[in-house]
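Here is a short report on one protein model. Please keep the sequence and the 3D view open while reading.

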Amino acid sequence: MDTQPASAASLGWNFDPELLRRHDRPGPRYTSYPTAPQFHDRFGVDQLTAAAARSNASGRPLSLYVHVPFCTSPCFYCGCNRVITRDHGRGQAYVERLLAEAAQMAALFGPCREVVQLHFGGGTPNFLSPQQLQQLVAGLRRLFRFSADASRDISIELDPRMITPAQVAELGAIGFNRASLGVQDINPAVQQAINRIQPLEQTVAVMTACRQHGLRSVNVDLIYGLPSQTLAGFAQTVDAMLQQRPERLAIYGYAHLPHLFRAQRQIIEADLPSAEDKLALLGIAVEKLTAAGYQYIGLDHFALPDDPLAIAQRQGQLHRNFMGYTTHAQTDLIGLGVSAISHIDTSYSQNPRELPAWEVAVDEGRLPVWRGMELSADDQVRAALVQELMCHGQLDIAEFERRHQLVFADYFAADLQRLQALQDDGLAQMSNGVIAATEWGRPLLRLLAMCFDPYLHDQRSTQRYSRAI
C-alpha cells in the first residue's frame, strides 16, 4: 500500500489506530430500518395485501424498483445478488416473468397511484437488450400510471463494458433520464485484481452518449479499499472522473465478506489496504470532490449543488431507501424481481433470493413473498430517527419530540449512553438540543445511527454486515 501522506489529514481525519479499532465494527448501511436480517417468514402474502390496502388509503405516490440479476462474468468484489451467465436468451423469460409479477402487484394498488420513480438495478440491468428493456418499460406503463412531471426519474445502472453509444441512444428513446455507471477504479492493476477490465475510454464514451441522448444525470460509482489500490492511483481515478463532471458520485467502501460471497474468496487479503489507509483513500475523494464544488450528501454520496439530490438535502427533503439516497421521500416502494424488497406502508417484504424459487412462485400465479416484517410503533419511531441521521447528519431533538410525542432523554436513555463513546472520540456532539455528526464523523455516519438500533445488541446479528471502516 502506498504510504504517502493522506490528504485526509488536511480534513482532520488523523485517526489513531486505537480509535479505529474501537469503532471499526460491523454494522448496517441503513437503507432500511429495521434492516433486512430482521425480516422473517411469518410475513407473507396476506400481510403484504393488508399493507397495500392501508397504503391505498394514503394516496402516496409509488416508486418501482426492478432487479435484474444477470452478469456475464463475476467481479470479485461484488456482494450483490446476481446470476453469472453468458446465455442472453435467459433475459426474455425473465422480462415476461417480471411483467407477470408486476401485474399481480399492480392489482393491489388503486389506479390513481402515480409512479414518480422507476429504477433498474442488479446484477447488470443492461444484460437485457434495449428491445427487452423497451418491452419491460412499456409493460409497466400499461400496468401503472406514470407521472408526467419533469421530476419523474427513470434510471438504470449500466456496466460500460456491455453497452455501446448506439444502445445508449435507444435507452434515451425509451425514456431513461438517469444512469449510474460502475467504474470502481481505472488502475489496470486494481482492475486485474477484481476481474473487471474496463478501459477509461470505454467509460467516457458511454458517459458522453448518455448526455447526448437525453439522460440528464449521470452517476459514477467508485470503490475504495480494493486490492492493490494506492493513494496516488485512487487520486488519478477521482481526477479522471472529475474531468467528466458527472452530476453525482458514489464512493463506496469495499466490504470484504468472503464467508458470505464466494467471488470475494478470489481476492488476496494481504493486498487489501489497512483500515487507516482505507480511510485515507476516502479522504482523497472527499477533499477532491469538495474542492471541485460537489456537495457531500452523506456517507458515500456527492452531488453537484444544482442536482436535485443536493437541493433535496438543503431543503430537508432527502430520503434513503434500498435504492440509496433519493429525492422521492413520500412514496411507497414496490420491488420486482428476484431478491427485490418492497417498503409498503409500515411493512417490508422481500422476494426469494434464489432465482428458481422466484420463478416457481410467479409461474404459479403467486406473489413471490419470501419474508418481511410489520414495523412496530417503536420501529417506526426509530426508522424516522435513522432517516434524519443518515440523510442530514443531525437531529433536532425538540422537533423530534413534538412530532412523535415523546421525551427524548427518557425514550432513548440507553441509546444516549452508547452515543457518549462517539462524543468522547469527537465523532458526534450533542449541544443546543441537536445531535450531530462532526466533520470527522460524517464519513462514519452509520456509527451514529447504530447507537439507536437495539437489534444490534445481539452480537450475532452483526455477522452479515460490513465493517464501518
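The text below covers annotated sites, strand pairing, one buried acid and some backbone features.

This is a predicted model, in which local features need pLDDT of at least 70, side-chain atom pairs count only at pLDDT 80 or more, and totals for chains, interfaces and linings use all residues. Residues are numbered from 1 along each chain as its sequence is written, and side-chain values use heavy atoms, with hydrogens and water left out.

## Annotated positions

The unreviewed UniProt entry lists Y77, C78, G79, G123, T124, Q184, R196, D221 and A255 under "binding site". UniProt positions follow the numbering used here, feature names are shortened, and annotations may be inferred rather than shown by experiment.

Take Y77. The loop between β2 (70-71) and β3 (83-84) holds Y77. Helices (H or I, at least four residues) and strands (E, at least two) are DSSP runs, numbered from the N terminus. Y77 counts as buried because its relative accessibility is 12%. Buried means under 20% relative accessible area, exposed over 50%, and partly exposed in between (1.4 Å probe, protein chains only).

Which residues does Y77 touch, not counting residues up to four places away in sequence? They are Q184, I194, R196, I223, L226, Y254, Q264 and I267. Contact here means heavy atoms within 4.5 Å. The side chains of Y77 and Q184 also share a polar contact of 3.1 Å. A polar contact is a pair of N or O atoms within 3.5 Å; within protein, one must be able to donate a hydrogen and the other to accept it, and residues adjacent in sequence count only if both atoms are side-chain atoms.

T124 sits in the loop between β4 (114-122) and α4 (130-143). T124 is buried, at a relative accessible area of 6%. Residues up to four places away in sequence aside, T124 touches V68, F70, C71, D159 and M162. G123 lies in this loop between β4 and α4 too. A cis peptide bond links G122 to G123, with omega about 15°.

## Strand pairing

Strands of a sheet pair through backbone hydrogen bonds, either parallel or antiparallel. Two strands count as paired if DSSP finds at least two bridges between them. The table sets out three pairs.

| Pair | Sense | Bridges | One bridge pair |
|---|---|---|---|
| β8 (217-224) and β9 (248-253) | parallel | six | I223 and Y252 |
| β9 and β11 (301-303) | antiparallel | three | L249 and F302 |
| β18 and β20 (434-437) | antiparallel | three | D396 and V434 |

Together, β8, helix α8 (residues 231-244) and β9 form a right-handed β-α-β unit. Right-handed means that, with the strands pointing away from the viewer, the path from the first strand over the helix to the second runs clockwise.

An open sheet of three strands runs in the order β18-β20-β19, with antiparallel pairing. β18 (394-396) and β19 (428-431) stand at its edges, each with a single partner strand, so one side of each has no neighbour in the sheet. Neighbouring strands of this sheet are turned by 10° against each other on average, direction ignored. Helix α15 (residues 413-424) lies across β19 and β20, at about 115° to β19. Axes are lines fitted to C-alpha atoms, for helices over the stretch in contact, and angles run from 0 to 180 degrees between N-to-C directions.

## A buried acid

Is D379 buried or exposed? D379 counts as buried because its relative accessibility is 3%. Helix α12 (residues 377-392) contains D379. Leaving aside neighbours within four places in sequence, D379 contacts Y33, P34, M373, E374 and Y455. With Y455, D379 makes a side-chain polar contact of 2.9 Å. D379 and P246 are 133 residues apart in sequence, and 36 Å separates their C-alpha atoms.

## Backbone features

Y33 and P34 are joined by a cis peptide bond, with omega about -10°. P34 is in the loop between α1 (17-23) and α2 (45-58). Y30 is found in the loop between α1 and α2 as well. Y30 is not a glycine, yet its phi is positive, near 55°. Y30 is buried, with a relative accessible area of 3%.

N195 also has a positive phi, about 65°, although it is not a glycine. N195 lies in the loop between α6 (188-194) and α7 (200-212). At 31% relative accessibility, N195 counts as partly exposed.
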